[in-house]
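I opened this model to look up a few things about its strands, loops and interior. My entries are below, in the order in which I made them.

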Amino acid sequence: MNLWGGVMWQTKIEKLTPEQKSLIPIYREKWQKIALSTQPINRQKAAEGIQLAYTLMGDPNPKIMFYDSPHAAFEILLQKIWQRWESKDDYGHRHIFKDMWEPLRKELEMQVSDKLCTEIDGQIGEGSLQPNQLWSHILYSQIEEEWQDIISEVSVKLLCIWSYPIPTELWSSYVCWIDFCISVLNCNYNWDNWRVLESIVKYCGWIYPLRNICIVCDRPRKLLLDAQYRPHALEQPAIEFVDGYNLYAYHGVRLPEVYGKSNPQEWRSKWILTTKNAELRRVLIQEIGYERICQDLQTIEIDNWQEYTLLRIDEEADIEPIFILKMVCPSTGNIHTLRVPPDVNSAKEAVKWINWGIDPEDFSVQT
């Protein structure tokens, strides 16, 4: 027996039984399904969990405001943030999920060995949602674009930090770990903390907790993801809320509506020249392809050698100049293109670069 904080604990659990191991995927799937749910939130149960969380933090009876989407909630959220800024209220934002999760996790870690904690974490994480693969950054890129003409870039970044929500889909794997330790390993736990965590993830969409006020957003009615759980859809929104707010995305990269409504085969090379976002420009270049880009945009011939031609595309097409090696197959006449570094000075040098530094003159057989 071990004594910690005045409470007697059994010896730490060191390993899982085969039956316990077999339950990990079941719990992972359970919480992943909750995280990706497109069903309306249960407002009554959501309110109960939030009320309990605020009471435990000494800030009882907050005003709970429900909105159909994060976008709908942003205007009121912006007002509240500016009010706090002007009144010098440094409260700003309380991470009620983290405040409940950290002590509960610590409590459970006192009963499970470090090695087993890591093992369970790893197995729950396999094929689970990952924060950097989800759609929260897409919403904020939209917010930045919508407000960039009104407030400074620094202010936008501060707002994104101050207004950062508790995106419950990101916390599903954390709750899954706790649920597994409680339900399968029969660990002792703080009931109030667990009730708050379970309620927030189960019954809420995104929430923005402020002093005396908690803004709760509904879940999307449509959520389309690729195999890596990134928002992705062709010719339709990847994310759509009941109030009509939607987002188009291509493998996790947010698309303007005009791009998102079109099939990538219909994307236009000229869009590259007007796209400021580097990640979006990369997607356009990748999907349009250098051969079409060479045909559609102005190119300058730098040099040629045998069946190879070194071209430069309009300097505004990317962050750095695009140099393309155009290759014409002597036997078939097929044309192939490949991007090469902008510091190559000749077609022959470009051929050497794509062949790992081997001088083309040394080829015994040219292909």
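The notes go from the whole chain to single sheets, then to loop residues and cavities.

**Entry 1, overview.** I noted at the start that this is a predicted model. I counted 14 helices and 13 strands in the protein chain. The chain has 367 residues, and I found 46% of them buried. I then looked at contacts with a sequence separation of 6 or more: 61% of them join residues 24 or more positions apart.

**Entry 2, the four-stranded sheet.** I traced an open sheet with the strand order β6-β7-β8-β9 and antiparallel pairing. Which strands lie at its edges? I found β6, residues 222-223, and β9, residues 253-255, each paired on one side only. Helix α12, residues 278-288, packs on this sheet and touches β8 and β9. I read an angle of about 85° between the direction of α12 and that of β9. Next I checked the pairing of β8, residues 246-250, with β9, and found three bridges in the antiparallel sense. For Tyr248 I recorded Leu255 in β9 as the bridge partner.

**Entry 3, the loop before β7.** I stopped at Glu235, which sits in the loop between β6 and β7, the latter spanning 239-240. Glu235 is not a glycine, yet its phi is positive, about 60°. Is Glu235 buried, partly exposed or exposed? Its relative accessibility is 45%, so I listed Glu235 as partly exposed, since that class runs from 20% up to 50%.

**Entry 4, β10 to β12.** I moved on to β10, residues 299-305, and β11, residues 308-313. These two strands run antiparallel and are joined by six bridges. Within this pair I found Glu301 opposite Leu311 of β11. The two strands form a hairpin with two residues between them. Gln306 is in the turn of that hairpin, and I noted its phi as near 50°, again positive in a residue other than glycine.

I then followed β11 to its other pairing, with β12, residues 322-328. Six bridges join β11 to β12, and the two run antiparallel. Arg312 stands opposite Phe323 of β12. Why did I mark β11 as largely enclosed by the rest of the structure? Five of its six residues are buried, so I wrote it down that way.

**Entry 5, Trp305.** I went back to β10 for Trp305, which is found in that strand. The relative accessibility of Trp305 is 15%, so I counted it as buried, the limit being under 20%. I also checked Trp305 against Glu349: the two are 44 residues apart in sequence, and their C-alpha atoms are 9.7 Å apart.

**Entry 6, cavities.** How many cavities of 30 Å³ or more are there? I counted two. For the largest cavity I recorded about 120 Å³ of space. I listed 16 residues in its lining. Nearest the centre of this cavity are Ala35, Thr168, Glu169, Gly205 and Arg219. I sorted the lining by class and got 10 nonpolar, three polar and three charged residues.

Methods
Residues are numbered from 1 along each chain as its sequence is written. This is a predicted model: local features need pLDDT of at least 70, side-chain atom pairs count only at pLDDT 80 or more; totals for chains, interfaces and linings use all residues. Side-chain values use heavy atoms; hydrogens and water are left out. Two strands pair if DSSP finds at least two bridges between them. Contact means heavy atoms within 4.5 Å. Axes are lines fitted to C-alpha atoms, for helices over the stretch in contact, and angles run from 0 to 180 degrees between N-to-C directions. Buried means under 20% relative accessible area, exposed over 50%, partly exposed in between (1.4 Å probe, protein chains only). On a 1 Å grid over the protein atoms alone, a cavity is a set of points where a 1.4 Å probe fits but cannot get out, and a pocket is an open set with protein on both sides within 12 Å along at least five of seven lines; lining residues have an atom within 4 Å of a point. Grid points are joined across faces, edges and corners, and a volume is the space filled by probe spheres set on the points. Ala, Val, Leu, Ile, Met, Phe, Trp, Tyr, Cys and Pro count as nonpolar, Asp, Glu, Lys and Arg as charged, and the others, Gly among them, as polar.
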